Amino acid sequence: MTVLDEAPGEPTDARGRVAELHEIRAQAVAGPSEKATEAQHAKGKLTARERIELLLDPESFREVEQLRRHRATGFGLEAKKPYTDGVITGWGTVEGRTVFVYAHDFRIFGGALGEAHATKIHKIMDMAIAAGAPLVSLNDGAGARIQEGVSALAGYGGIFQRNTKASGVIPQISVMLGPCAGGAAYSPALTDFVFMVRDTSQMFITGPDVVKAVTGEEITQNGLGGADVHAETSGVCHFAYDDEETCIAEVRYLLTLLPQNNRENPPRAEASDPVDRRSDVLLDLVPADGNRPYDMAKVIEEIVDDGDYLEVHERWARNIICALGRMDGQVVGIIANQPQVLAGVLDIEASEKAARFVQMCDAFNIPIVTLLDVPGFLPGVDQEHGGIIRHGAKLLYAYCNATVPRISLILRKAYGGAYIVMDSQSIGADLTYAWPTNEIAVMGAEGAANVIFRRQIADAEDPEAMRARMVKEYKSELMHPYYAAERGLVDDVIDPAETREVLIKSLAMLQTKHADLPSRKHGNPPQ
Ligand SMILES: CC(C)(COP(=O)(O)OP(=O)(O)OC[C@H]1O[C@@H](n2cnc3c(N)ncnc32)[C@H](O)[C@@H]1OP(=O)(O)O)[C@@H](O)C(=O)NCCC(=O)NCCSC(=O)CC(=O)O
């Protein structure tokens with residue numbers, strides 16, 4: 001018999017009562033049974049408490065409502081009232097800074113959410129918002145607790161409302177470590193970052209059985225909503241790892257790059273990488289010929305402190321890179337076109353990815369450095385019919401709204417609308433730089449010559465020679481950085497080797513930037 005099954009005894013003195021408390025606590029901490037723990041481990045998963053231990057600094061966890069039990073009736077629930085009600089909630093520290101956490105205990109009702117379980121989550125979310133500290137959810141649950149019906153469903157509503165209230169106020173991180181089906185999947189979607197673990201975590205609105213019944217499609221749980229699918233195809237998750245240990249270690253790393261809340265700056269780190277470290281290698285990394293691909297990741301590696309950065313959405317929309325790194329110890333958000341994937345064009349997914357990242361940086365006081373090498377928006381019927389206009393507008397809207405320090409650097413080409421969207425001076429970049437290899441134009445020289453010199457080319461004795469001449473003329477007239485510099489549209493043309501120093505000194509100057517938007521309830525961003 002366990003304390004779970006019997007009423008508290010009648011200790012005769014204070015020591016007896018304390019002993020009883022310790023016994024109750026021990027049972028609450030142990031959870032339902034050894035067998036349930038073994039079953040969890042057999043699936044390659046850790047228990048909720050093991051996960052919390054990995055996430056937080058040693059001995060820092062302080063649990064809340066450990067002794068909570070449900071009061072539901074029916075379907076045999078009266079006889080099964082485990083402490084915690086299947087979710088462990090509390091706070092602790094990560095690198096000494098407060099972090100709130102809730103973790104589903106799959107061993108209890110499959111981690112399914114009932115009324116008491118939900119109100120525990122609500123309380124910890126309210127505490128995180130009030131304290132102004134990040135919230136991490138360690139998800140491993142079977143969704144709404146079926147026996148509790150609508151009470152369970154309403155519990156989700158309370159979570160969604162708090163996720164939304166906390167959005168842009170405290171960092172919210174969802175770590176998916178088991179199943180997450182149905183409406184439950186909307187909580188992670190409302191948070192800032194979603195982490196998943198390969199093979200053991202899945203997210204979907206309807207599972208494979210329902211999919212088969214409705215559409216006839218046959219698919220496995222992982223094929224439908226596993227980590228790889230969401231990291232690469234849907235963009236639902238930002239990070240995917242092979243095991244829980246690595247995943248949770250990366251959550252800790254991410255937390256060190258974020259502020260506690262929207263009223264603070266991200267923590268500054270001691271920097272040993274010299275501010276004036278020259279990067280002559282950049283001249284070799286980036287070919288002057290605008291049509292030759294190269295790996296933008298190497299450019300980022302070269303200019304940030306010690307080559308360290310954390311890429312967000314690394315495998316989704318790879319034609320754009322979004323990363324968090326440090327420059328002279330200060331956290332910066334880097335957005336960069338990736339010329340080695342789709343030539344670095346902006347398309348629907350790249351626009352969505354970058355827009356969300358810009359919003360996140362702006363919400364959490366992270367300055368934005370934009371590295372441009374963009375041939376334009378991707379042409380095509382799919383893109384137009386898929387709504388590239390409204391998706392591209394999301395990125396434009398996010399930049400235009402961002403009041404954090406914004407610096408853009410044009411490495412090579414920046415054509416047309418894509419140039420404007422990628423944080424041009426005209427939409428509010430605080431400082432804009434260009435390398436001497438830069439070409440800013442409405443479009444590439446070939447395309448431009450074909451439009452504006454169409455008649456001359458058609459009437460010429462040798463149209464190809466005339467086209468070549470006109471392309472050359474257009475390039476030498478318009479397509480060099482000095483055309484923009486003379487007009488004040490870039491603030492300076494810089495030596496690529498000095499990129500790191502220029503960016504760091506500009507960031508230092510902008511540290512005290514303050515900008516306000518007109519008062520309004522909220523904007524109406526394109527969706
Ligand atoms: C999550 C699972 C894939 C996990 O499968 P596993 O084989 O690992 O584990 P299992 O089936 O043995 O479940 C472990 C224990 O949790 C219990 N259990 C599972 N799901 C439960 C639920 N939703 N409510 C209450 N208890 C539940 C099981 O009875 C079992 O209890 P015991 O240990 O006592 O035997 C599966 O359990 C499952 O498909 N559950 C149903 C999921 C679901 O339909 N949820 C509602 C979503 S709808 C929703 O949330 C609202 C909406 O979106 O619209």
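Here a trainee and a mentor talk through the aromatic pairs and ligand contacts of a predicted model.

Mentor: Ground rules: local features need pLDDT of at least 70, side-chain atom pairs count only at pLDDT 80 or more, and totals for chains, interfaces and linings use all residues. Residues are numbered from 1 along each chain as its sequence is written, and side-chain values use heavy atoms, with hydrogens and water left out.

Trainee: What makes phenylalanine 195 and phenylalanine 239 a stacked pair?

Mentor: Rings of Phe, Tyr and Trp (its six-membered ring) pair if their centres lie within 6.5 Å, and planes under 30 degrees apart count as stacked. Here the centres are 4.4 Å apart and the planes 25 degrees, so stacked it is.

Trainee: Why does that pair tie together separate parts of the sequence?

Mentor: Because phenylalanine 195 sits in strand β7 and phenylalanine 239 in strand β9, the pair joins parts 44 residues apart in sequence. Strands are DSSP runs (E, at least two residues), numbered from the N terminus.

Trainee: Why is phenylalanine 239 called buried?

Mentor: Buried means under 20% relative accessible area (1.4 Å probe, protein chains only). Phenylalanine 239 has 4%, so the label fits. Phenylalanine 195, at 0%, is buried too.

Trainee: Now the ligand: what makes alanine 144 a polar contact of it?

Mentor: A polar contact is a pair of N or O atoms within 3.5 Å. A backbone N or O atom of alanine 144 is 2.9 Å from a ligand nitrogen, so that qualifies. Isoleucine 146 also makes one from its backbone, at 3.1 Å from a ligand nitrogen.

Technical notes. A polar contact is a pair of N or O atoms within 3.5 Å; within protein, one must be able to donate a hydrogen and the other to accept it, and residues adjacent in sequence count only if both atoms are side-chain atoms. Rings of Phe, Tyr and Trp (its six-membered ring) pair if their centres lie within 6.5 Å; planes under 30 degrees apart count as stacked, over 60 as edge-to-face and the rest as tilted. Helices (H or I, at least four residues) and strands (E, at least two) are DSSP runs, numbered from the N terminus. Buried means under 20% relative accessible area, exposed over 50%, partly exposed in between (1.4 Å probe, protein chains only).
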